[in-house]
Each structure stands twice: as structure tokens, then as C-alpha cells.
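Hi,

Here is the structure I promised to pass on. Have a look at it first, and then read on for what turned up.

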Amino acid sequence: MRILTVDDNYINRVQLKSLLTAYGDVDTVPNGELAFAMFVAAHDEGIPYSLITMDIDLGGTDGREVVERIREWEANTKAYKNDLESKILMVTVKDSGEDVFSSFNKGCEGYLIKPVTAESLQTELTKIKLI
């Protein structure tokens, strides 16, 4: 599985990459602009990301806006056969009902509160049917 992890905090990216390596090849980026560029490039290469983990607070950018942009791109380009899109998992410290609701409303399939453990990650990947 090809995975993209988006988090503006270096330590968080390294820790999440360490956990996700058990499930596939992991690329990491610190912001939404790079994330979107890598997402499109992966499609251009013919090897799209199966999973994207996205932080909400990306140092001035809202990860939910990036998720919305990805979902719009997918819809406009019809890049997926059989309507299979990248699964997007929000990974954040924000735990209010409003944050959770707005994240799902923008197009994510799962939501994890930091700090992420191997067990919580496995549970969420199972829920979103990636493992």
C-alpha cells in the first residue's frame, strides 16, 4: 500500500511513518501544498496513494481544506475506477465534536487522536477497510 503522511511537526511525521511502515511505503510532507502536489504526482505516475493521513492544523493551513481539495480533484478528474478513492485518515490533537464532524464532512473516512499507538492505528485502518 502507498501511504502519504501530512503533518507540520517533524517528530509527529517520523513517529507516524514508523508505525505506518508496517503497512506499506510511506512518504511524508510538512504542509498541504506539498501534499496536494504529491497526491497528483502519484496519480500521474500511475501509483496513487491508498491512504493519506492528514493533520488538521498544518501551521496556517487547515488540513480539512486540503482534504476537500483532494476530493474535488478526484471528482473532477474521475481518476478512480469503480469510485475507489484514497482513504483519508485525520490524525490530530483536536477532539471536539465540531472538528470530527467537519473532517468527515470534508471527506475523510477515519479520525485518530494523537498520540497514535500501533493499536489505535490498526483499529482505525481496520474500520476503514484498509487491512
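A35 is a handy place to start: you will find A35 in helix α2. With a relative accessibility of 0%, A35 counts as buried. Try picking out M54 as well, which is 19 residues away from A35 along the chain; the two C-alpha atoms are 9.1 Å apart. Do keep in mind while you click around that this is a predicted model.

Now for the overall picture. The protein has 5 helices and 5 strands, and if you walk along the sequence they come in the pattern β-α-β-α-β-α-β-α-β-α. The radius of gyration is 13 Å, and the globule rule gives 14 Å for 131 residues, so the protein is as compact as a globular protein of that length. If you'd rather think in terms of a box, the C-alpha trace spans about 35 × 30 × 25 Å along its principal axes. As for the inside, 43% of the 131 residues count as buried.

Next, the aromatic rings. A pair of rings is described by how far apart the centres are and by the angle of the planes. There are 2 aromatic pairs in this structure. In one of them, the rings of F36 and F39 have their centres 6.3 Å apart and their planes at 35°; an angle under 30 degrees would count as stacked and one over 60 as edge-to-face, so this pair is tilted. F36 and F39 both belong to helix α2 (residues 32-44), and because they are 3 residues apart there, about one helical turn separates them. Are they buried or exposed? F36 is buried, at a relative accessible area of 12%, and F39 is buried too, at 0%.

F39 also takes part in another pair, this time with W73: the ring centres are 5.2 Å apart and the planes are at 80°, so this one is edge-to-face. Here the partners sit in separate helices, F39 in α2 and W73 in α3 (residues 63-77), so the pair ties together parts that are 34 residues apart in sequence. W73 has a relative accessibility of 18%; the cut-off for buried is under 20%, so W73 counts as buried. Put together, F36, F39 and W73 make up one aromatic cluster.

Two arginines are worth a look while you have the rings on screen. R69 lies over the face of F36, 3.8 Å from the ring centre. Elsewhere, which ring does the charged end of R2 sit over? That would be the ring of Y49, with 4.6 Å to its centre.

On the surface, there is a nonpolar patch formed by Y10, I11 and V14, and together they have about 310 Å² of accessible area. I11, one of the three, lies in helix α1 (residues 10-20).

Finally, a couple of backbone details towards the end of the chain. The peptide bond from K114 to P115 is cis, with omega near 0°. P115 is in the loop between β5 (110-113) and α5 (118-127). Further along, in the segment after α5, you come to K129. Its phi is near 60°, which is a positive value in a residue other than glycine. K129 counts as exposed, at 71% relative accessibility.

That's the tour. Shout if anything is unclear.

Cheers

Technical notes:
Residues are numbered from 1 along each chain as its sequence is written. This is a predicted model: local features need pLDDT of at least 70, side-chain atom pairs count only at pLDDT 80 or more; totals for chains, interfaces and linings use all residues. Side-chain values use heavy atoms; hydrogens and water are left out. Rings of Phe, Tyr and Trp (its six-membered ring) pair if their centres lie within 6.5 Å; planes under 30 degrees apart count as stacked, over 60 as edge-to-face and the rest as tilted. Helices (H or I, at least four residues) and strands (E, at least two) are DSSP runs, numbered from the N terminus. Buried means under 20% relative accessible area, exposed over 50%, partly exposed in between (1.4 Å probe, protein chains only). A charge sits over a ring if NZ of Lys or CZ of Arg is within 6 Å of the ring centre and within 35 degrees of the ring normal. Patches are made of residues with over 30% relative accessible area and no salt bridge: like charges are joined within 9 Å, nonpolar side chains (Val, Leu, Ile, Met, Phe, Trp, Tyr) within 5 Å. Accessible areas come from the Shrake-Rupley method with a 1.4 Å probe; for residues, only the protein chains shown count as cover. A salt bridge is a side-chain nitrogen of Lys or Arg within 4 Å of a carboxyl oxygen of Asp or Glu. The radius of gyration is taken over C-alpha atoms; the globule rule is 2.2 Å times the number of residues to the power 0.38.
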